[in-house]
Amino acid sequence: MSADCIFCKIASGAIPSKKMYEDDDVIAFHDINPAAKVHFLIVPKLHVESLQTCDTTHQSLLGKMLLLAPKLAAEQGLKGFKTAINTGREGGQEVFHLHMHVLGGWKTIPKL
Ligand code: AMP
Ligand code: ZN
């Protein structure tokens, strides 16, 4: 838990979110500013800044996040989706608590 981190506060329940999934390790909730019809975030409860600060101790957590994406996407009615992990300021990261975006439901699918 990092005191000033918005995603730690969401994970602890101190700040509300449109939560869709939670277990001991991760929480998933809808993005407050959706960039697609369906846009949610998969977030580890552990405060890790970004992929750049992950190491082998985070391997199973990262695998869990990846495997959760298709499951939760299917529950949202998506037949396909994009994932993004913005990493570092130059990678477009704004919230420095690791998270994976899952997006889908476009009429016209944007290319990266
Ligand atoms: P990133 O640029 O990858 O760091 O993305 C951070 C994402 O978090 C953005 O898409 C924001 O819209 C989203 N976000 C920020 N605050 C909240 C919040 N309180 N609840 C849900 N999503 C949020
Ligand atoms: Zn945090």
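## The β4-β5 edge of the sheet

Let's start at one pairing: T83 has V102 in β5 as its bridge partner. That bridge belongs to the antiparallel pairing of β4 and β5, which runs over three bridges (two strands pair if DSSP finds at least two bridges between them). Strands and helices here are DSSP runs, numbered from the N terminus: E with at least two residues for strands, H or I with at least four for helices.

A word on the ground rules: this is a predicted model, where local features need pLDDT of at least 70 and side-chain atom pairs count only at pLDDT 80 or more, while totals for chains, interfaces and linings use all residues. Residues are numbered from 1 along each chain as its sequence is written, chains are lettered from A and ligands numbered from 1 in the order in which they are written, and side-chain values use heavy atoms, with hydrogens and water left out.

## The whole sheet

β4 and β5 are part of an open sheet of five strands, ordered β1-β2-β3-β5-β4, with antiparallel pairing. β1 (19-22) and β4 sit at the edges with a single partner strand each, so one side of each has no neighbour in the sheet. On average, neighbouring strands are turned by 20° against each other, direction ignored. For angles like this, axes are lines fitted to C-alpha atoms (for helices over the stretch in contact), and angles run from 0 to 180 degrees between N-to-C directions.

Helix α2 packs on this sheet, touching β1, β2 (26-30), β3, β4 and β5, and its direction makes about 155° with that of β3. Contact here means heavy atoms within 4.5 Å.

## β3 and β5

β3 pairs with β5 in the antiparallel sense over five bridges, and β2 and β3 also pair antiparallel over five bridges. I42 has a place in both: it stands opposite M100 in β5, and it is the bridge partner of A28. L41, for its part, has H101 in β5 as bridge partner.

How many residues of β3 are buried? Seven of the seven, so the strand is largely enclosed by the rest of the structure. Buried means under 20% relative accessible area, exposed means over 50%, and partly exposed lies in between (1.4 Å probe, protein chains only). V38, F40, I42 and P44 point one way from β3, with H39, L41 and V43 pointing the other way. β5 is also largely enclosed, since five of its five residues are buried: M100, V102 and G104 cover one side, H101 and L103 the other.

## Around G104 and A73

G104, in strand β5, is buried at 0% relative accessibility. Its C-alpha atom is 4.6 Å from that of F81, 23 residues apart along the chain. Leaving out residues up to four places away in sequence, G104 touches A36, K37, V38, L78 and G80.

F81 turns up again with A73, a residue of helix α2 that counts as buried at 1% relative accessibility. With the same sequence cut-off of four places, A73 touches F40, L78, F81 and V102. The C-alpha atoms of A73 and G105 are separated by 10.0 Å, and the two residues are 32 apart along the chain.

## The β1-β2 loop

D23 sits in the loop between β1 and β2 and is buried, with a relative accessible area of 17%. Its side chain has a polar contact of 2.6 Å with the side chain of Y21 and another, of 3.1 Å, with that of K64. A polar contact is a pair of N or O atoms within 3.5 Å; within protein, one must be able to donate a hydrogen and the other to accept it, and residues adjacent in sequence count only if both atoms are side-chain atoms. Beyond four places in sequence, D23 touches K45 and K64.

## The zinc site

Which residues coordinate the zinc ion (ligand 2)? They are C5 (SG), C8 (SG), H47 (ND1) and H97 (ND1), at 2.0 to 2.3 Å. Donors are N, O and S atoms within 2.8 Å of the metal (3.2 Å for Na, K and Ca); water is not among the atoms, so sites may look incomplete. The donor residues are spaced C-x2-C-x38-H-x49-H in sequence. The two histidines link distant parts of the chain, 50 residues apart: H47 is in the loop between β3 (38-44) and α2 (59-75), H97 in the loop between β4 (82-84) and β5 (100-104).

The site is tetrahedral, with angles of 104 to 117° among its four donor atoms. Four donors count as tetrahedral if all angles lie between 85 and 135 degrees; four count as square planar and six as octahedral if opposite donors are over 155 degrees apart and all others between 65 and 115, and anything else is irregular. The ideal angle for four tetrahedral donors is 109.5 degrees. As for exposure, H47 is partly exposed at 25% relative accessibility, whereas H97 is buried at 0%.
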